[in-house]
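Reader: Hi, could you walk me through this one slowly?
Author: Gladly; please have a look at it, and then we can begin with a term.

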Protein chains: 2
Amino acid sequence: MSEIERGFPESEYRARTERAQALMAEQDLAALLVMTEPEVRYFTGYLTRFWESPTRPWFLVVPAAGKPIAVIPAIGADLMGKTWLTDMRTWSAPAPQDDGVTLLADCLREVCGSEGRVGVPMGPETCLRMPLVDFKRVQDAAPSLRFEDATAIVQALCRVKSPAEIEKVREICRIGGRAFDRMREIAGTGRPLSAVFRDFQIALLQEGADWVPYLAGGAGPGGYGDVISPPSDAPLRPGDVLMLDTGALRDGYFCDFDRNYAIGQASDEAKRAYETLYAATDAGLALARPGVTCADLHRAMLAVIAKAGGGESEVGRMGHGLGMRLTEWPSVMAGDETPLEPGMVMTLEPGLEIAPGRIMVHEENLVVLDEGCALLSPRAAAELPVLA
Amino acid sequence: MSEIERGFPESEYRARTERAQALMAEQDLAALLVMTEPEVRYFTGYLTRFWESPTRPWFLVVPAAGKPIAVIPAIGADLMGKTWLTDMRTWSAPAPQDDGVTLLADCLREVCGSEGRVGVPMGPETCLRMPLVDFKRVQDAAPSLRFEDATAIVQALCRVKSPAEIEKVREICRIGGRAFDRMREIAGTGRPLSAVFRDFQIALLQEGADWVPYLAGGAGPGGYGDVISPPSDAPLRPGDVLMLDTGALRDGYFCDFDRNYAIGQASDEAKRAYETLYAATDAGLALARPGVTCADLHRAMLAVIAKAGGGESEVGRMGHGLGMRLTEWPSVMAGDETPLEPGMVMTLEPGLEIAPGRIMVHEENLVVLDEGCALLSPRAAAELPVLA
């Protein structure tokens, strides 16, 4: 299978840091403090599944100039030592009495001087990945510093992907596409949905995914109830519509697209719903280009669905950003006036309610180009595929 | 393969809620507010991989009496509707202007009355899984309520597992054991470590894991550099020591144990390190019983390692709680005076530094009984296994 080189050259991390520092200067921030997996990895390339353990906090301080500083548990020293960072401060964690609090406060005071503003992502789609009590202790230990919301900075940074990042999303999309190409061996009448989930994850790994953080789906007569439930052991039946939606990962970048299948035979109603969603996605793809807003995309897709007489599903939006997270800002929905820019990687995810409690969704991944956009996921079949 | 029934009877969730409410009464809390995946699932059984998306916040309010109340995005309504909860309040998320803030504040005011104390986990090993700005907005919208740290409550609840929960950990440990039984087909001289990771994840899925949130490991001549790095594509070489550490999941419960192997041949040094860790684990297993503290366990294991002349690794502890999270409180380390209780599920994870930059770790899973303890993971081989 074709493979692209893992990781990024140091220049990528340097450019990301300098972009951050330019935005920090506009907001007069002496430091940016981040602590979630994608934020720490964005600036460092620090890639590990160890974040699955909620026990230890991890901190990265981006100063106004120069390289970021890692303030992390000693268990991460070896791996962080392989990144481009040169200043790393570690403690033996867990240490409930002082789990990096003093070390972080000292680092911030050193970076910011006696006064200064520290940016921390505190807004939509962020979370504080450290104990709230400890965050207050850090603030108390550095009383001359002011902590301010820096959500706009991390949003601006991640919104546009570099060419190297886009290639990584393209690669995991190809891998996902190859796994879907094998659905005829994976799903069919009589197979339990739980077995389909299992075998599809195996196919993703075999085709080159590093791991499978996300797999969702559903199956039911002519449509499914929701798109986030775990699979039941009930066997698929003729007339069921099956959907799988995968967020597989390679080298730290996600795909997020889905495929629908009819089991045994497809009802006219299911075919119509599929065609409507396919046409809605086409409308989105035809419209997506720099300057068009997320709300424009939503309006265009919703118009196709409304024209076909469909109701909107309860998913809450019709697409979103994609990259180091399964879902990133912005959202393809009414009210999100974010204009598309070249290099943005997005999903289009129209959904409709076929009948009360029965929905269908469809999702593809794209990158915005200087003119128009290009698919990253292989386009789904134009007609609802039928599996035996 | 043997399988136990999925989920729990309603009585399990009712008992958990009543235990919480008894602890809340001691702290004079009118409500407990939780928002992370394992906390929400603990009270409801709400099991979905959708938490991989960081976009939407989810809230659960446990009142002083009666069932918990879910305040969640509409996309979760169908699945949450299948739990034992009867009061569910939803909004169409994402909604950056008011992402559940008003709905949550209204719910808390309703539950607490005009005054009242709301417990929120804010201490060690917790995080605030909502935007910090929104947490402040909730507090501002309910100014007569006081928000207090409730870490001790969630720690107390999760520390002791029910018999049904213990069976779930036992089952995923059996699954992990069967995957390790297949290591001779998975790893050996010349195989890249990345391929070993891939095939081991596949084996876990084939043996019955629902998904594999965590797989770590390492390989190197006579030991490995750390235990959290992603695998390289470098082929395994004779004399390498290979370690895999898996956090696989079935029905929402984790195993967390590892296995070491020598590739081609084992050096005397590697054999000695393995035997030391095996003996240290034995010392922990022999000691673990109600009343013994985590610090006692640590001391006993460290004594075996010190006697053999080994230095402690940088992992920071030698075991931890296990259950709905890969790692839970308490920690097996000096200073953690938590006494063991019947029903606690723990890992023992001694590690040692063989030489600078070269470590070995070993890990097993156990449940504390009324007298002594029982292994949940199948015990590793007494001597370092050699793979061709």
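Author: Two residues count as in contact if their C-beta atoms, placed from the backbone, lie within 7 Å. This is a predicted model, in which local features need pLDDT of at least 70 and side-chain atom pairs count only at pLDDT 80 or more, while totals for chains, interfaces and linings use all residues. Residues are numbered from 1 along each chain as its sequence is written, and chains are lettered from A and ligands numbered from 1 in the order in which they are written.

Reader: OK, so how many residues does the contact take from chain A and from chain B?
Author: Chain A puts 58 residues into the contact and chain B puts in 59 residues.

Reader: And which element has the largest share on the side of chain A that touches chain B?
Author: That is β7(A), with six residues; strands (E, at least two residues) and helices (H or I, at least four) are DSSP runs, numbered from the N terminus.

Reader: What about the classes on that side of chain A?
Author: The side of chain A that touches chain B has 31 nonpolar, 15 polar and twelve charged residues, where Ala, Val, Leu, Ile, Met, Phe, Trp, Tyr, Cys and Pro count as nonpolar, Asp, Glu, Lys and Arg as charged, and the others, Gly among them, as polar.

Reader: Switching topic, how is chain A divided?
Author: Chain A has domain 1 (10-158) and domain 2 (160-387), with bounds that come from an automatic or database domain assignment.

Reader: How many residues does each domain give to their contact?
Author: Domain 1 of chain A and domain 2 of chain A give eight residues each. On the side of domain 1 of chain A that touches domain 2 of chain A, α2(A) gives the most, with three residues.
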